[in-house]
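Please work through the exercises below with the sequence and the model open side by side. Each task is followed by a solution that goes step by step.

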Amino acid sequence: MSSSPAASQSGPTKEAMISASTVYRRINDKLKSGLVPRTADIEEYFRLFGDPIEHNSLCKNYKQNPDAKAQLDRIRERLDSTPMMAAPTAPKYHVPSTRSNSKRKASDNAEVKEPTLKKRGPGRPSAKKGSKKAKAEAKEEQEEVLQSFEEEIVEKTHHTAKQILNANNQPPHELHPRQIQLSRNWIDGSESFQGLLLGAHSAANLCTTLQTFVSRRGIHLSSAQRIGVESYREERRNGRFGYIGPTEDEETIARYYEFFNDIFFCGSLSGLCVVKFYRGVEQSGHGADGFDDLGLAITPVTGRTHRKEIPDGYAALIKIKDQANNSPLLSEEARLQCYLSTLLHEMLHVYFGVYECLCGEKCRERHADEIGINGHGKSWQFAALALEEATLPLLGESLDLSRRISFEYDALYMKTVDAETRARFRF
């Protein structure tokens, strides 16, 4: 510190020199590390020694740090436009020294001269000793600097907190199409397809989930399945309340729809579909030649002409052909057996048509490979096979879903299926 301008003048106390040395060391350490010194340290150095750029070592470090040099210029301009603050008084705390006690007492009793303030810049008014106005202005300036610093910290804190909150609120990345799985409520024994959404799943995932659900027997059935099985068998034996109504009754076929929904589809088709009978010969819409099917499922993926037939408030429509006039030789029991097989066949079409995702090109390519143009592709075939195998142990009677006839009807798709896959179809 002997090379500083103020060191050549007589007057600074030892305490003031120690304080100045601390400020100098902090500034120099920051500059050597390539950082910007604290504004308060630079202002303190100004009050004690004048412009820090006049010191040789600090001048060299400032030239190597443009950010610190720019900060120093801003502080110099602000100090030039305001009266200089009075030099700080000597600290009241005890400063250790290596001198003897007698020399220390003599030095403490000696008259202390305060350092003279150096005038910086032309016309710069110097602060008089004990000037209340200068002290008030200096205090006000310090308060403004602290307030601006606090506001900046608060703003940055709020910005960081907002970024963290937005990151936490973002939904986690999910696979597309969305995956579903069986979920059981162990309190009441009910089950559901967890994560099931309309038009959001692949045909393969829908197929495997359905296969898992219908493959269980006995005590592994859910409560809704057991109730559905008992209700179905009671309806088949005694009808509704002991009355067996006409076979072609839409209310009766709607009750069987609810039974099948609980037994085979885990309640996923509740309130989505209407079942109706149609009389006479109507084109099914599956082919250009007007092939006369036993039933038709109209879903959102069906052609635009047929979609208009879906009633308001529903996602699908099942039309079953009335066999009373077309096949008068069939008994009522045989016709009901045909209606139940057709109903389960078309409900499987509704299951895939309502929940399969067709949002983009990849999803449509996946649909063409898994379901096919006419809707009887490999995913449908595997699910239909699982349903056929479950009908006898659960319902007490076997229902034929016409899997082979439906598969061979689509000649183009049949050529794309290899022999191994066809062997798994079991026909």
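The exercises that follow concern a predicted model, and they go from confidence to the core, the sheet and the salt bridges.

**Exercise 1. Confidence**

Task: Establish which elements have the lowest and the highest mean pLDDT, and where the pLDDT is below 50.

Solution. Begin with the chain as a whole, which averages a pLDDT of 77, with 74% of the residues scoring at least 70. Among the elements, helix H5 (residues 101-109) has the lowest mean, 49, whereas helix H9 (residues 250-264) has the highest, 95. Next, look along the sequence: the pLDDT is below 50 over residues 84-107, a stretch that has 25 contacts in the model beyond near neighbours in sequence. The pLDDT is also below 50 over residues 283-291, where 14 such contacts are found. Where pLDDT is low, the predicted coordinates should not be read in detail.

**Exercise 2. The nonpolar core**

Task: Describe the largest nonpolar core and determine which element gives the most to it.

Solution. The largest nonpolar core has 58 residues, and those with the most contacts inside it include Phe-260, Phe-264, Leu-343 and Phe-352. Among the elements that give two or more residues to this core are helix H7 (203-214), helix H8 (223-238), H9 and helix H14 (378-395), together with the strands S3 (273-278) and S5 (316-321). The element that gives the most is H12, with twelve residues. To see one of the core residues in detail, take Leu-343, which, leaving aside residues up to four places away in sequence, touches Ile-253, Tyr-256, Tyr-257, Phe-260, Val-275, Ile-318 and Ile-320. Apart from this core lies another one of 13 residues, among them Ile-42, Phe-46, Leu-72 and Ile-75.

**Exercise 3. The sheet and its helices**

Task: Work out the strand order of the open sheet, and then place H9 and H12 relative to its strands.

Solution. The sheet has three strands in the order S3-S5-S4, and its pairing is mixed. S3 and S4 (295-298) are the edge strands, each pairing on one side only. The twist from one strand to the next averages 15°. S3 and S5 run parallel and are joined by six bridges; within S5, Leu-317 stands opposite Val-274. Now add the helices: H9 packs on the sheet, where it touches S3 and S5, and its direction makes about 140° with that of S3. H12 lies across S3, S4 and S5, and runs at about 160° to S5.

**Exercise 4. Salt bridges**

Task: Examine the pairs Glu-191 with Arg-216, Arg-335 with Glu-248, and Asp-369 with Lys-378, and decide which residues are buried or partly exposed.

Solution. A search of the whole structure finds twelve salt bridges. In one of them the side chains of Glu-191 and Arg-216 meet at 2.5 Å, N to O. Glu-191 belongs to strand S2 (residues 191-194) and Arg-216 to the loop between H7 and H8, 25 residues apart, and both residues are buried. Turning to Arg-335 and Glu-248, the closest N and O atoms are 2.7 Å apart; this pair joins helix H12 to the loop between H8 and H9, across 87 residues. Buried means under 20% relative accessible area, so Arg-335 at 10% counts as buried, and Glu-248 at 16% does so too. For Asp-369 and Lys-378 the closest N and O atoms are 3.4 Å apart; Asp-369 is partly exposed at 40% relative accessibility, and Lys-378 is partly exposed at 23%. Finally, salt bridges that share partners join Arg-184, Glu-191 and Arg-216 into one network.

Note on methods: Residues numbered from 1 in each chain as written. Predicted model: local features only at pLDDT ≥ 70, side-chain atom pairs only at ≥ 80, totals over all residues. Heavy atoms only, no water. pLDDT = per-residue confidence, 0-100. Helix = DSSP H or I, 4+ residues; strand = E, 2+ residues; numbered from the N terminus. Contact = heavy atoms within 4.5 Å. Core = buried A, V, L, I, M, F, W, Y, C linked by side-chain atoms within 4.5 Å. Buried < 20%, exposed > 50% of the residue type's maximum accessible area, 1.4 Å probe, protein only. Pairing = 2+ DSSP bridges. Axes fitted to C-alpha atoms, helices over the stretch in contact; angles between N-to-C directions. Salt bridge = Lys/Arg side-chain N within 4 Å of Asp/Glu carboxyl O.
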